[in-house]
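Me: I'd like to go through this model with you and ask where its labels come from. Could you set each value against its definition?

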Amino acid sequence: MYNPLSLPGMMLDPADPINRGLVGWWPLNEGGGRRANDKSLRNNSGLVSSLPTWTGSQLGYGLTIGSTASHGVTLPSNASLICYPITVSAWIKTITSDATV
């Protein structure tokens with residue numbers, strides 16, 4: 001059975017029906033550098049803008065993104081990323097309990 005928390009590889013099972021139609025999965029767990037590796041089968045890796053800050057977590061590494069517009073991930077211009085409808089999900093940890101996301 002596929003275990004989504006199998007670190008450090010965190011790979012998708014291409015035979016699992018839930019992965020059909022998946023065009024990108026960026027766990028942002030590289031731990032260093034500016035590359036945001038796409039773990040889907042589409043190879044749509046992106047580039048983290050600015051100077052990224054990587055932080056340790058219970059599941060490996062995570063990316064600390066600041067509150068300015070200069071922080072984020074730029075994805076390639078690729079036909080596989082032009083799809084509708086689209087669903088985006090994220091796991092976010094705020095620094096304070098009253099933070100606005």
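Me: What makes the lining of the largest cavity 4 nonpolar, 5 polar and no charged residues?
Reply: Happy to start there! The lining residues are V48, S49, P52, T53, L63, T64, I65, H71 and G72. Ala, Val, Leu, Ile, Met, Phe, Trp, Tyr, Cys and Pro count as nonpolar, Asp, Glu, Lys and Arg as charged, and the others, Gly among them, as polar. By class, that gives 4 nonpolar, 5 polar and no charged residues. Keep in mind that this is a predicted model, where local features need pLDDT of at least 70, side-chain atom pairs count only at pLDDT 80 or more, and totals for chains, interfaces and linings use all residues. Residues are numbered from 1 along each chain as its sequence is written, and side-chain values use heavy atoms, with hydrogens and water left out.

Me: Why is it called a cavity?
Reply: On a 1 Å grid over the protein atoms alone, a cavity is a set of points where a 1.4 Å probe fits but cannot get out; lining residues have an atom within 4 Å of a point. The volume is the space filled by probe spheres set on the points, which are joined across faces, edges and corners. The largest cavity comes to about 40 Å³, and the count is 1 cavity of 30 Å³ or more.

Me: Which residues does L63 touch?
Reply: Leaving out residues up to four places away in sequence, L63 touches L28, V48, P52, T53, W54 and V73; contact means heavy atoms within 4.5 Å.

Me: What makes L28, A36, V48, W54 and L63 a nonpolar core?
Reply: The term means a set of buried Ala, Val, Leu, Ile, Met, Phe, Trp, Tyr and Cys residues joined through side-chain atoms within 4.5 Å. These 5 residues form the largest such set.

Me: Why is G60 called partly exposed, and N43 exposed?
Reply: Buried means under 20% relative accessible area, exposed over 50%, and partly exposed in between (1.4 Å probe, protein chains only). G60 is at 30%, so it counts as partly exposed. N43 is at 57%, so it counts as exposed.

Me: Where do G60 and N43 sit?
Reply: G60 is in strand β4 (residues 60-64), while N43 lies in the loop between β1 and β2 (46-48). Strands (E, at least two residues) are DSSP runs, numbered from the N terminus.

Me: What is phi for N43?
Reply: N43 has a positive phi of about 60 degrees, although it is not a glycine. Most residues other than glycine have a negative phi.

Notes. 1 Å grid on protein atoms, 1.4 Å probe; cavity = no way out; pocket = protein on both sides within 12 Å on 5 of 7 lines; lining within 4 Å. Helix = DSSP H or I, 4+ residues; strand = E, 2+ residues; numbered from the N terminus.
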